[in-house]
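Please open the model in a viewer and keep the sequence panel visible. The tour below proceeds by selection, and each stop states what is to be found there.

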Amino acid sequence: MSSSGVGTLTAAPPPPITPPKPPDRGGQAPAGRGDGVALQERPAGPPRPGQVHNLMQTHAERDQLINGMLMSDGSGKPSQTEAASLRSSLGAVDTGVLRFASDPGLKIGVLNPGDEMFQAGVLRRQDPKAIQARGPELQAFAQKLDAQLDQKYGNRLDSVKKELAALPEAPMAGFGMSSPDPHAEKRGNLFQQLQTLEGQRGKELGDAVEKSGLPVKPFVIPTDSKQMLGSPAAQQMALVQAMMPMSTAGMAAIHGAKTPEQVKEFHGLLESINGPRLQAAREDALGGMRQAAERAKTPEEKAHFENLLKLSREKPEAIPLDYRKHNLLVPDMHYVADDKGKTTTVDLHDKMTLMDWSGSGTRTQKAFDEDNLDGSVIEGQYFSRGGMNKMVVRDTALGKGAPVHELGHAIDFQMEQKDPQFYQGWKARLEAAHARTEGLEGKTVSEYAKTNPREYAAEGFAHYYEDPKGLKAADPALFALTEELIARASALGGRR
Ligand SMILES: [Zn+2]
């Protein structure tokens, strides 16, 4: 798996890659491979006498390149045996590609059960004071973004909502009463329009926030993505949940705040990020309650809403807010337990990393496998966010495809940085090829490759080195794209 600078790639089962096979290349590069020079450095058969010297040299160079990338301190530092395992697993990768990877300083680490993840350098504390200090900047950003979205979507959303409100109430469906809704079609269309518009606005909000690199996020109700993939009912529930209003106390709880101090701290950050817009969202909610009280049909109903209004004024943090209408942003900060049972704060990306690797506090799981409900095991991760360029592999996956898969992520992300012109065209074709693998008829090299274009690229890379024939047969487009990426990386890696 990988994680980008924005940390949206979620936990997923590890790549089901076949264990590395001995090179089956008959001493020659199969036709059409990207880097014939590098391939001939590793023939499967015994080297011809004149080749021995060159071979030794490239083996030595490859080992040297890999050694140079290994983490040299912290709990990610590989032991001698682990380092040897890594050299062997990555031994099939073209030297030029390794040189390309090592040039901006890729770091390779190994995680063992019980390793402390801050010490391994894969977690970083998200300091609430630092977010607070950026309050004015964040508020200006949120305000501007809100104005832009309002200008673009406000009128259209309002008019659809007005049309919906103007329709007579739908008849209640019940046993023995079949009164069809004469406005069903119109109602359905309007709901669809509303959903499309809100979806577009939400995506635009998310993209803008992501691009800004600021320590804020749009508020979303977290859902278990694995569960959602398998269950339409869970998907439906998530959708309904996402449409429900949420109080600031609820937002704090969803971000892991447990003590009153934490709720207060989170609340303060919400205030400093959203400023007067948060107050406007509250007023809006109170206005709704007032209207409901006025429209009440019975004295009991009226009393209920008036009581709600009174309670809300006393406890503003409990007022249910329409966070989507008001484009509220939340601090990108989660309260999590550290390995000493205390609380620490990390961003969403690191929270996901923790969930993937950790069973207790901030240490990696002692028994990696057994605690995962669906039996999936994380075998490795690549980190590119915040200028990080680091891959970690778990101790038991060193001899599997995981090191090459993670290296594939590193090459993908590094190419994006180093040769954007090449990358743009390549990425567009990769995404198109990935889109063709979706659905039941979609066919590619592994189920995991279907996850997203990033995993598709990494799986292509791993299978290219482990079973090129299988890759070519299963997904010729991915084979060609991987070949192209490797050729480009090798060329940029150059010769010494
Ligand atoms: Zn991956």
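Begin by colouring the protein chain of this predicted model by pLDDT. The average is 82, and 81% of the residues score at least 70. Next, select residues 4-47, where pLDDT stays under 50. For that stretch the model has 97 contacts beyond four places in sequence.

Return to the whole protein chain and display secondary structure: 19 helices and 10 strands are present. Of the 496 residues, 33% are buried. Among contacts with a separation of 6 or more, 69% join residues 24 or more positions apart.

**Strands β2, β9 and β10**

Select strand β2, residues 107-111. Is this strand enclosed or open? Because 4 of its 5 residues are buried, β2 is largely enclosed by the rest of the structure.

Add strand β10, residues 390-394, to the selection. The two strands run parallel and are joined by 5 bridges. To locate one end of this pairing in the sequence, pick L111, whose bridge partner in β10 is R394.

Now add strand β9, residues 380-383. In contrast to the parallel pairing of β2 with β10, β9 and β10 run antiparallel, with 4 bridges between them. One of the bridge pairs to display is G380 with V393 of β10.

In a regular strand, side chains alternate between the two faces of the sheet. View β9 with this in mind: G380 and Y382 point one way, while Q381 and F383 point the other way. All four of these residues are buried.

Follow the chain from β9 into the hairpin that it forms with β10, where 6 residues lie between the strands. Within this hairpin, select G386, which takes a positive phi near 55°.

**Helix α19 and its partners**

Select helix α19, residues 476-493, together with helix α16, residues 420-435. Their axes come within 10 Å and cross at roughly 160°. An angle over 145 degrees counts as roughly antiparallel, and α16 and α19 are therefore roughly antiparallel to each other. The crossing is left-handed.

Show the side chains where these two helices meet. From α16 the residues are F422, W426, R429, L430 and A433. From α19 they are A477, L478, L481, E484, L485 and R488. Residues three or four places apart in an α-helix point the same way, because there are 3.6 residues a turn.

Keep α19 displayed and replace α16 with helix α4, residues 95-102. How far apart are the axes of α4 and α19? They lie 7 Å apart, and the helices pack at an angle of about 70°. That makes α4 roughly perpendicular to α19. This crossing, too, is left-handed.

At this site, G96, V97, R99 and F100 in α4 meet I486, A489, S490, L492 and G493 in α19.

Now hide α19 and select α4 alone. Which of its residues are buried? They are T95, G96, V97, L98, R99, F100 and A101. Since 7 of the 8 residues are buried, α4 is largely enclosed by the rest of the structure.

**A final stop in helix α6**

Select helix α6, residues 135-166, and pick Q143 within it. Q143 counts as partly exposed because it has 15 C-beta neighbours inside 10 Å. Then draw a distance from the C-alpha atom of Q143 to that of N274: the separation is 7.5 Å, although the two residues are 131 residues apart along the chain.

Technical notes:
Residues are numbered from 1 along each chain as its sequence is written. This is a predicted model: local features need pLDDT of at least 70, side-chain atom pairs count only at pLDDT 80 or more; totals for chains, interfaces and linings use all residues. pLDDT is the predictor's confidence in each residue, from 0 to 100. Two residues are in contact if their C-beta atoms, placed from the backbone, lie within 7 Å. A residue is buried if 20 or more other C-beta atoms lie within 10 Å of its own, exposed if 12 or fewer, and partly exposed in between; C-beta atoms are placed from the backbone. Two strands pair if DSSP finds at least two bridges between them. Axes are lines fitted to C-alpha atoms, for helices over the stretch in contact, and angles run from 0 to 180 degrees between N-to-C directions. Angles under 35 degrees count as roughly parallel, over 145 as roughly antiparallel, 65 to 115 as roughly perpendicular and the rest as oblique. A crossing is left-handed if the near helix is turned anticlockwise from the far one by less than a right angle, and right-handed if clockwise.
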